[in-house]
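This briefing goes through the fold, the surface and the charged side-chain pairs of one chain. Please keep the sequence and the structure in view while reading.

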Amino acid sequence: SAPTRPPRPARPARRSPPATSSSPQETTKKPELNKKRAPLTTADAFEKLGGQRALEPYKETAADLCREHGIYDDALATQVDLLLPRADITKRRGFSTKLINQRYAYKLDELFKDAERVLPRFTTLIRSIARETDGTAHVAPLKSEKRARAKARFKYRDGTGIAWHRLTDIVRATLEYKSIEKMYEALRTIVGRRDNDIVVKELNDRYQQPIDGGYRDIQLTLC
């Protein structure tokens, strides 16, 4: 025979609450607890941090750091710029001509093998910097292969093929700070480190020169 379940104990009968009456004047409307807030725009977030007034004291910080630590070679960049076919490049705003110090990679697969190898060390480094500079670390997973191919084809393709080695953000992270002042203090700390863990190869202050849509950040390329 089929197994049977033991009977459940009977539940006690529930008592109805005493009836009450209220006049229309006594009825109050409850606040809408699930009402969604409007998303904070990039411009609103910038103003909340102090806006242009808070940014002004750091107008030359990135340029000064680049000169002091040899991050950007103006003379070499000018020579490279003269060799590039300007008529072609000006038609493509996304095409990057910045000097990149990364080993040559014939295929995208080579870059992903390097990325998988360095990600654990990179994660440890970013979290260490965050603790040192009172920031919050957000280490992203590796960029997807689909997205990496699309970006390289748009930015790094020329008449000879695709320069895969110019793709430098397969491994990436964000350091977040509570104020503009804290952010620039951290920037000085990172660029000025005197160890073998970090060599800053590129620094773009996109707080001072925001990209389309008003998005702002400070972008670093590390080796």
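How many helices and how many strands does the secondary structure of the chain come to? In this predicted model, the chain has eight helices and six strands. Read along the sequence, these elements follow the pattern α-α-α-α-α-α-β-α-β-β-β-α-β-β.

**Contacts and surface**

- Of the contacts in the chain with a separation of 6 or more, 68% are accounted for by residues 24 or more positions apart.
- The chain has 223 residues, and buried residues make up 26% of them.
- The area that the chain exposes is about 17300 Å², and carbon and sulfur atoms supply 50% of that area.

**Backbone at aspartate 134**

- Aspartate 134 lies in the loop between helix H6 (108–132) and strand S1 (136–139), and its phi is near 60°, a positive value in a residue other than glycine.
- As general background, most residues other than glycine have a negative phi.

**Salt bridges around arginine 103**

- Ten salt bridges are found in a search of the whole structure, and a network of salt bridges links Arg103, Glu110, Asp114 and Arg117.
- Within this network, the side chain of arginine 103 meets that of glutamate 110 in a salt bridge with an N to O distance of 3.8 Å.
- Both residues of that pair count as partly exposed, because their relative accessible areas, 27% for glutamate 110 and 46% for arginine 103, fall between the cut-offs of 20% and 50%.
- Arginine 103 also meets aspartate 114 in a salt bridge, here at 2.8 Å from N to O.
- Because arginine 103 lies in the loop between helix H5 (86–89) and H6, whereas aspartate 114 lies in helix H6, the pair ties together parts that are eleven residues apart in sequence.

**The salt bridge between arginine 193 and glutamate 132**

- Arginine 193 forms a salt bridge with glutamate 132, in which the closest N and O atoms are 2.9 Å apart.
- This pair links distant parts of the chain, since arginine 193 lies in the loop between helix H8 (180–191) and strand S5 (200–205) and glutamate 132 lies in helix H6, 61 residues apart.
- Is arginine 193 buried or exposed? Arginine 193 has a relative accessible area of 16%, which is under the 20% cut-off, and therefore counts as buried.

Note on methods
Residues are numbered from 1 along each chain as its sequence is written. This is a predicted model: local features need pLDDT of at least 70, side-chain atom pairs count only at pLDDT 80 or more; totals for chains, interfaces and linings use all residues. Side-chain values use heavy atoms; hydrogens and water are left out. Helices (H or I, at least four residues) and strands (E, at least two) are DSSP runs, numbered from the N terminus. Buried means under 20% relative accessible area, exposed over 50%, partly exposed in between (1.4 Å probe, protein chains only). Contact means heavy atoms within 4.5 Å. Accessible areas come from the Shrake-Rupley method with a 1.4 Å probe; for residues, only the protein chains shown count as cover. A salt bridge is a side-chain nitrogen of Lys or Arg within 4 Å of a carboxyl oxygen of Asp or Glu.
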